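User: I am new to this structure. Please take a close look at one part of it, and then show me what surrounds that part.

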Amino acid sequence: MRVPNPRASVVRSLADAAGRSAAGMVTVTPPGIPVLMPGESLGAHDGPLLCYLTALDAFDRAFPGFGGEAHGVVTDPDTGDYLIECLIPATRPQP
């Protein structure tokens, strides 16, 4: 059985997630179809995935209680920002 490394990931806001890889699956409900799988890149800050998640975040802020659910994304209790768990890039030892 593989034990996850607690230092292998870091939680980032969507604004800071561009170019990073997801540590877990992100599924938006409805329709309940995964939009991001572990290890996949979140893409550019103006790319389709981060724009989609940012639009969901904005909708949830504008209409509290009427939004969908984004599994794999949590809301910062202080700021209300969507947060996503990202992999920490492996560092290679210097020769």
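Analyst: **A cysteine, then the helix and its strands**

Cys51 is partly exposed, because its relative accessible area is 39%. The cut-offs are these: buried is under 20% relative accessible area, exposed is over 50%, and partly exposed lies in between, with a 1.4 Å probe and protein chains only. Cys86 is buried, at 0% relative accessibility. Does a disulfide occur nowhere or somewhere in the structure? A search of the whole structure finds zero disulfides. The term stands here for a pair of cysteine sulfur atoms within 2.5 Å. In general, a disulfide is a covalent bond between the sulfur atoms of two cysteines.

A few ground rules come next. This is a predicted model, in which local features need pLDDT of at least 70 and side-chain atom pairs count only at pLDDT 80 or more, while totals for chains, interfaces and linings use all residues. Residues are numbered from 1 along each chain as its sequence is written, and side-chain values use heavy atoms, with hydrogens and water left out.

The overall plan is quick to state. The chain has one helix and six strands. Along the sequence they follow the pattern β-β-β-α-β-β-β. Helices (H or I, at least four residues) and strands (E, at least two) are DSSP runs, numbered from the N terminus. Of the 95 residues in the chain, 23% are buried.

Now the helix. Helix H1 covers residues 48-62. Its 15 residues should span 21 Å at 1.5 Å a residue, and its end C-alpha atoms are 21 Å apart, so the two agree. The expected span is 1.5 Å times one less than the number of residues. Which residues of H1 are buried? They are Leu49, Leu50, Leu53 and Asp57. Seen down the axis of H1, these buried residues fall within an arc of 95 degrees, so they line one face of the helix. The arc is taken from the directions that lead from the helix axis to the C-beta atoms.

What covers that face? The cover over the buried residues of H1 includes strand E2 (26-29), strand E3 (33-36) and strand E6 (82-87).

Take E2 and E3. They pair in the antiparallel sense over three bridges. Strands count as paired if DSSP finds at least two bridges between them. Val28 stands opposite Ile33 in E3. Three residues lie between the strands of this hairpin, and Gly32 takes a positive phi near 90 degrees there. The loop between E2 and E3 also holds Pro30. Pro31 is in that loop too. The peptide bond from Thr29 to Pro30 is cis, with omega near -10 degrees. The bond from Pro30 to Pro31 is cis as well, with omega near 15 degrees.

E2 has another partner. Three bridges join E2 to strand E4 (residues 69-71), and the two run antiparallel. Thr27 sits in E2. Its bridge partner in E4 is His71. Thr27 counts as buried, because its relative accessibility is 11%. What does Thr27 touch, leaving aside its neighbours within four places in sequence? It is in contact with Gly32, Ile33, Pro34, Val35, Glu69, Ala70 and His71. Contact means heavy atoms within 4.5 Å.

E6, which also helps cover the helix, belongs to an open sheet. Three strands form this sheet in the order E1-E6-E5, with antiparallel pairing. Strand E1 (9-13) and strand E5 (73-75) stand at the edges with a single partner strand each, so one side of each has no neighbour in the sheet. From one strand to the next, the twist averages 40 degrees. For such angles, axes are lines fitted to C-alpha atoms (for helices, over the stretch in contact), and values run from 0 to 180 degrees between N-to-C directions. E1 and E6 pair over five bridges. Ser13 stands opposite Leu83 in E6. In a regular strand, the side chains alternate between the two faces of the sheet.

One loop remains. Gly67 is in the loop between H1 and E4. It counts as partly exposed, because its relative accessibility is 31%. Outside its neighbours within four places in sequence, Gly67 is in contact with Phe59 and Asp60. Gly67 and Leu56 are 11 residues apart in sequence, and their C-alpha atoms are 7.6 Å apart in space.

Last, the chain as a whole. Among contacts between residues at least 6 apart in sequence, 55% join residues at least 24 apart.
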